[in-house]
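Hi,

Here is the structure I promised to pass along. Have a look at it first, and then read on for my notes.

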Amino acid sequence: MISTDVSINKTSELDYKLVLQLADTLAPGRHDSRIEGRLCEDSPAICAKPFDGSPWYVPLAVDVKPAPS
């Protein structure tokens with residue numbers, strides 16, 4: 001549901017802004033998913049040493065409207 005077009009920007013010492021792009025091919029209707037957040041002491045791709053409480057999950061719901069005719 002989410003494309004690989006993701007950007008993360010640091011806005012302050014402890015605050016980050018994450019921007020996600022939806023895939024262009026979502027069919028009309030409701031799409032439910034979740035976003036996994038991980039904080040790792042090592043590489044995020046491996047995450048063999050996650051911080052306590054990581055990963056966490058944020059529910060995501062997207063309602064796609066049909067294109068106007």
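Below is what I found, starting with the whole chain and ending with one residue.

Please keep in mind that this is a predicted model. The protein has 4 strands and 0 helices, so it follows the plain order β-β-β-β when read along the sequence.

On overall dimensions, the C-alpha atoms fill a box of roughly 50 × 25 × 15 Å along the principal axes. The radius of gyration is 15 Å, whereas a compact globule of 69 residues would have one near 11 Å. Buried residues account for 9% of the 69 residues. Of the contacts between residues at least 6 apart in sequence, 37% join residues at least 24 apart.

As for the surface, the protein exposes about 5,800 Å², and carbon and sulfur atoms supply 54% of that area. Its side chains include 10 negative and 7 positive ones, and the centres of these two sets lie 3 Å apart.

The residue I looked at in detail is I35, which lies in strand β3, spanning residues 29–37. Is I35 buried or partly exposed? I35 has a relative accessibility of 23%, and because buried means under 20%, I35 counts as partly exposed. Leaving aside residues up to four places away in sequence, I35 touches I2, L20, W56, Y57, V58 and L60. I35 and Q21 are 14 residues apart in sequence, and their C-alpha atoms are 13 Å apart in space.

Happy to talk it through whenever suits you.

Best wishes

Methods. Residues numbered from 1 in each chain as written. Predicted model: local features only at pLDDT ≥ 70, side-chain atom pairs only at ≥ 80, totals over all residues. Heavy atoms only, no water. Helix = DSSP H or I, 4+ residues; strand = E, 2+ residues; numbered from the N terminus. Rg over C-alpha atoms; globule rule 2.2 N^0.38 Å. Buried < 20%, exposed > 50% of the residue type's maximum accessible area, 1.4 Å probe, protein only. Contact = heavy atoms within 4.5 Å. Areas by Shrake-Rupley, 256 points an atom, 1.4 Å probe, with all protein chains shown as cover. Lys, Arg positive; Asp, Glu negative; His and termini not counted. Charge placed at Lys NZ, Arg CZ, Asp CG, Glu CD.
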